[in-house]
Amino acid sequence: MRYNTLGIQVTNTCNMACPHCITDSSPSARGDLDWDEIERAIRSAASHVDGICVTGGEPLLKRELTFGIIRLTRELGLRSSMVTNGYWSRTRQTAERIMGELDAAGLDKLAVSYDQFHDRLVSPVSLEQLVQAGAATSMELQIQYCGARQDTAYHTARDVADRYDIELTTAEVLPFGRGRDLVAAPVTNDVDAVPNEPCGVVTRPVLTPEGELFTCCGPARDADSTSPLRLPAASGTEVGDALGSGETSSILNVIHNHGPRSLLDQLSEETRARVTENLRDTSMCSLCRAITDDREAVAELNASLASEQYRHVALAAVLRQTQDTLTTDTER
Amino acid sequence: MHEESEPSERPAVVATFSKEDLVNDLPEVVTPHIHTVQNS
């Protein structure tokens with residue numbers, strides 16, 4: 001499989017402490033990457049990814065690192081993106097100044113998180129000022145909403161996205177990170193309710209402030225030490241080499257091609273029952289973690305998928321080509 | 001005349017598949033499920 005974007009999580013610190021945050025970021029959270037680690041990781045990863053995304057925590061709390069990443073990404077000919085909570089757009093002047101600086105540094109895409117949790121710090125007016133300032137640049141803009149789409153924040157996000165003709169993405173709150181206390185436990189471990197679709201997150205690896213590298217920018221950060229979602233960068237391996245090992249992993253390619261539900265068929269009855277009992281909810285992420293955290297499940301999968309390893313890799317290439325064609329057709 | 005790269009630097013073919021076969025193996029839904037939003 002081909003990676004999409006490498007996330008560089010510059011810091012764990014955020015000026016917000018949202019109850020759904022999968023990275024447990026907050027004003028008191030500590031841990032930053034330093035520039036040497038970042039530069040080495042990006043240069044090493046450059047031939048494995050299409051782009052670099054600055055993320056956190058709140059990246060603009062580490063302004064110098066954030067702008068350094070954007071400039072280096074541009075210098076290497078990769079696509080640059082950033083996820084922010086938009087706290088800096090409280091006045092029109094500040095929104096325009098920072099948007100202008102990001103544009104001048106070469107940022108291709110800015111995604112702003114906005115939902116019922118983020119709107120405690122970022123008002124609808126601030127969101128609109130940010131989007132309005134961004135609309136005057138060449139940057140692609142996106143609003144990222146997380147929640148049940150039944151609150152005022154969703155309607156605000158939808159309204160702003162529609163009026164400025166920008167993308168609004170939605171995602172459910174996941175029972176990981178701080179979100180674990182927010183999502184009610186499932187009434188049943190109904191594995192049939194888990195979506196049976198390709199995963200779009202397993203090709204978006206992330207480097208954390210702790211120097212850990214995960215193949216998935218979702219809820220992988222406390223994964224089992226032997227999980228296939230955890231790539232071996234912490235042991236001194238170059239990030240590019242670690243990404244390369246994931247590209248040909250049978251388990252990762254099957255998650256990419258068909259989603260984690262398809263892995264269940266490869267498991268023994270006993271292991272499948274145990275994995276199902278460990279579901280936190282019926283999201284794909286919960287099932288993926290339940291499988292990949294289970295060492296026996298991983299051993300069974302490695303054994304059963306090994307003979308078809310190259311077929312999974314080849315299918316990933318065909319799937320990616322098909323997905324890219326659909327995206328291009330939609331943009332026309 | 002251009003220089004030949006060292007044989008060891010050339011990618012090695014480890015397997016070949018018919019694209020038609022692979023297309024038949026594509027999932028019904030090809031749109032990837034994006035279920036969280038840390039990375040854009």
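Let's start inside the sheet. In chain A, strand S3, residues 79-84, is joined to S4(A) by 4 bridges, and the two run parallel. To fix the register, look at Val83(A): its opposite number in S4(A) is Ala111(A). One caution before going on: this is a predicted model.

Stay with S4(A) for a moment. How many of its residues are buried? The strand covers residues 109-113 of chain A, and 5 of the 5 are buried, so S4 is largely enclosed by the rest of the structure. Both faces take part. Lys109(A), Ala111(A) and Ser113(A) point one way, Leu110(A) and Val112(A) point the other way, and all are buried. Note the lysine and the serine in that list.

Now zoom out to the whole sheet. It is open, has 9 strands and shows mixed pairing. The order in chain A reads S6-S5-S4-S3-S2-S1-S7-S8-S9. Which strands sit at the edges? Those are S6, residues 167-171, and S9, residues 230-231, each pairing on one side only. S9(A) has S8 as its partner, residues 213-214 of chain A. That pair runs antiparallel and is held by 2 bridges. Here Leu213(A) stands opposite Leu231(A). As a reminder, strands of a sheet pair through backbone hydrogen bonds, in either direction, parallel or antiparallel.

Next, some backbone details in the loops of chain A. Gly56(A) and Gly57(A) are joined by a cis peptide bond, with omega at about 20 degrees. Find Gly57(A) in the loop between strand S2, 51-55, and helix H2, 63-75.

Two aspartates have positive phi. Take Asp24(A): phi is near 55 degrees, in a residue other than glycine. Asp24(A) lies in the loop that connects strand S1, 5-9, to helix H1, 35-45. Its relative accessibility is 39%, so Asp24(A) counts as partly exposed. Then Asp165(A), where phi is also near 55 degrees. This one belongs to the loop between helix H5, 152-163, and S6 of chain A. With 70% relative accessibility, over the 50% cut-off, Asp165(A) counts as exposed.

From the loops to a helix. Asn253(A) is part of helix H7, residues 250-258 of chain A. Is Asn253(A) buried or exposed? Buried: the relative accessible area is 0%. What is around Asn253(A)? Leaving aside neighbours within four places in sequence, Asn253(A) is in contact with Met1(A), Gly246(A), Glu247(A), Thr248(A), His312(A), Val313(A) and Ala316(A).

Last topic: the interface. Chain B puts 22 residues into the contact, and chain A puts in 47 residues. Interface size is often quoted as the accessible area lost when the parts come together. For chain B and chain A the buried area is about 2900 Å², with 63% of it on carbon and sulfur atoms.

What about specific pairs? The rule finds 1 salt bridge across this interface. Arg311(A) forms a salt bridge with Asp25(B), and their closest N and O atoms are 2.8 Å apart. For polar contacts, the count between the two chains is 3 residue pairs, both residues at pLDDT 80 or more. By class, the side of chain B that touches chain A has 12 nonpolar, 7 polar and 3 charged residues.

To close, three places to look at on screen. One is S4(A), with 5 of 5 residues buried. Another is the cis peptide bond between Gly56(A) and Gly57(A). And then Arg311(A) with Asp25(B), at the interface. Thanks.

Key:
Residues numbered from 1 in each chain as written. Chains lettered and ligands numbered in written order. Predicted model: local features only at pLDDT ≥ 70, side-chain atom pairs only at ≥ 80, totals over all residues. Heavy atoms only, no water. Contact = heavy atoms within 4.5 Å. Buried area = accessible area lost by both parts, 1.4 Å probe. Salt bridge = Lys/Arg side-chain N within 4 Å of Asp/Glu carboxyl O. Polar contact = N/O pair within 3.5 Å; in protein donor to acceptor, adjacent residues only side chain to side chain. Nonpolar A, V, L, I, M, F, W, Y, C, P; charged D, E, K, R; others polar. Buried < 20%, exposed > 50% of the residue type's maximum accessible area, 1.4 Å probe, protein only. Pairing = 2+ DSSP bridges.
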